[in-house]
Each structure stands twice: as structure tokens, then as C-alpha cells.
Amino acid sequence: MSDTRGPDTLAEQLPSEMDPGDLAAYVAKEVRLDYEASGDWRDEAREAYDIVAGRQWSDEDRAKLTEERRVPITFNRVAAMIDAVCGAQVNNRNEIKFLPRSGDDGGKTELLNGVARWVMDQTDAEDADSEAFRDVAIGGMGWTETRMCYEEEQDGRIIVERRDPFEMGWDRYARKRNLADASHVWSRQKIAPEYEAA
């Protein structure tokens, strides 16, 4: 069976077998190639966010109108539609529900349903999901991150946060809906100096 991926993703050895320096170079190269491959999406998504924000005039058109002493008026019908769709999502939020597969699973599913409700309540995950849904409605990609945080509580606390879609990247060869066939996803963030390794 042949590999359908491009030659740029094939390493001479498996990443798990590389020494740390080679692995870092390999990952950096893959991230750069993934980022470049999503350039068209990033350009279109920025334009879509601008349109929803009411920034619908190009710089050239705005300059021409200003030169002609005309006011560039914007009738933003797109934002109203996005607000309506997102409002419908908020009013009809999905609830995570575990169902038993056999008669013996009843107690386990009750426990799992209780844990899921508790996590949703403690983390405001519904709000993060709604923010990610808005990102999907505008730009086509929405992301949330679920992680454990040990900064405030010794035993850790579950955190669910919306992630900025422009910080995210994904396997450039993924073709299925919801990136179901992606071998990896990644995020790029600016780290405050106090968190950088010494």
C-alpha cells in the first residue's frame, strides 16, 4: 500500500526515533508547511471576520470615497445573520449524554452523565462551545481546548477554553469533515517572558 502523503512529510526515520535536535527541526518544518498550506483559508477567514465586524470597504474604495468627500456607509446585514444563527445555537445547545450499551451499563452511564454535567457547569464549557460555533459560522473553523490547570489548585482544575482559529494549524493532508483524518493539529501562541524556560 503506497503512502498518499507528499514526500515532504516523510522522514528518513520515525519521529519517535529521532534525537531531540532533529525532532525539533522536523516538527518546525511540518508546522511551517501546514501553515503555508492553510494560507488561502487564513486570508478568506480574515476577510470574513472583517465583513462581520463592519469593515467591508477596501482601502482603495474608502480612499476614493473620502477624496470625493463622500461617507463610506456600511449596511451590515451579515453580522445580523451571524447573530441570529449563533443565537439559535445558544438557545438549542446540545447536551452531552452517555447511553448504556447493555443492561449492566445503567449505573456507569448515570455516573458519566453526572460527571459531564459537573464539568460543563464548572468550566463554562457551553460558552466556549458557543464562541467556537461563532468562529465556525464566520470563518469555517472553530476550536476549543480542554486541559488540566495546576496553577490555582494543587489537585488541578479542568479548563475548557475557546482557541483563536488563527493560532491553530492542522495536517495539510486532512480532507475529511472536522479534520477526522488529520494525523496532527497544533497551536502557535506567544508566551509571556515569565513562562519561558530559563
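Which residues is G142 in contact with, leaving aside its neighbours within four places in sequence? Select G142 to begin: outside that window G142 is in contact with A132, D135 and V136, where contact means heavy atoms within 4.5 Å. This is a predicted model, in which local features need pLDDT of at least 70 and side-chain atom pairs count only at pLDDT 80 or more, while totals for chains, interfaces and linings use all residues. Residues are numbered from 1 along each chain as its sequence is written, and side-chain values use heavy atoms, with hydrogens and water left out.

**Around G142**

G142 lies in the loop between α6 and β1 (143-149); helices (H or I, at least four residues) and strands (E, at least two) are DSSP runs, numbered from the N terminus. With 30% relative accessibility, G142 counts as partly exposed, given that buried means under 20% relative accessible area, exposed over 50%, and partly exposed in between (1.4 Å probe, protein chains only). If you then add A192 to the selection, the C-alpha to C-alpha distance from G142 is 24 Å, for a pair that is 50 residues apart in sequence.

**Into helix α6**

Next, select S130, whose place is in helix α6. S130 counts as buried because its relative accessibility is 9%, and, leaving aside neighbours within four places in sequence, S130 is in contact with Q89, V90 and R93.

**Two helix crossings**

Two packed helices are described by the angle between their axes and the distance between the axes. Here the axes are lines fitted to C-alpha atoms, for helices over the stretch in contact, and angles run from 0 to 180 degrees between N-to-C directions. Angles under 35 degrees count as roughly parallel, over 145 as roughly antiparallel, 65 to 115 as roughly perpendicular and the rest as oblique.

Show helix α2 (residues 39-52) together with helix α6 (residues 125-139): their axes come within 8 Å and cross at roughly 105°, and α2 and α6 are therefore roughly perpendicular to each other. To see the side chains at this crossing, select W41, A45, A48, Y49 and V52 in α2, which meet R134, D135, I138 and G139 in α6.

Keep α2 in view and bring in α1, whose axis comes within 4 Å of that of α2, the two crossing at roughly 50°; α1 and α2 are therefore oblique to each other. At this crossing Y35, E36 and A37 in α1 meet G39, R42 and R46 in α2.

**Salt bridges**

The structure holds 16 salt bridges, a salt bridge being a side-chain nitrogen of Lys or Arg within 4 Å of a carboxyl oxygen of Asp or Glu. Stay with E36, which forms one with R32, the closest N and O atoms being 3.5 Å apart. Both E36 and R32 lie in helix α1 (residues 20-37), four residues apart, which is about one turn of the helix. E36 counts as partly exposed at 49% relative accessibility, and R32 counts as partly exposed at 42%.

Move on to R147 and E145, a salt bridge in which the closest N and O atoms are 3.9 Å apart. R147 is partly exposed at 30% relative accessibility, and E145 is partly exposed with a relative accessible area of 26%.

Then select E153 and R157, whose salt bridge has its closest N and O atoms 3.9 Å apart. E153 counts as partly exposed at 38% relative accessibility, while R157 is partly exposed with a relative accessible area of 28%. Elsewhere, salt bridges that share partners join E145, R147, E161, R163 and E167 into one network.

**E161 in strand β2**

From that network pick E161, whose place is in strand β2 (residues 157-163), and which counts as partly exposed at 33% relative accessibility. Leaving aside neighbours within four places in sequence, E161 is in contact with A128, W143, T144, E145 and R147. As a distance check, the C-alpha atoms of E161 and G87 are separated by 19 Å, with their positions 74 residues apart along the chain.

**Last stop: V71**

Finally, select V71, in the loop between α3 (59-67) and α4 (77-91). V71 counts as exposed at 65% relative accessibility.
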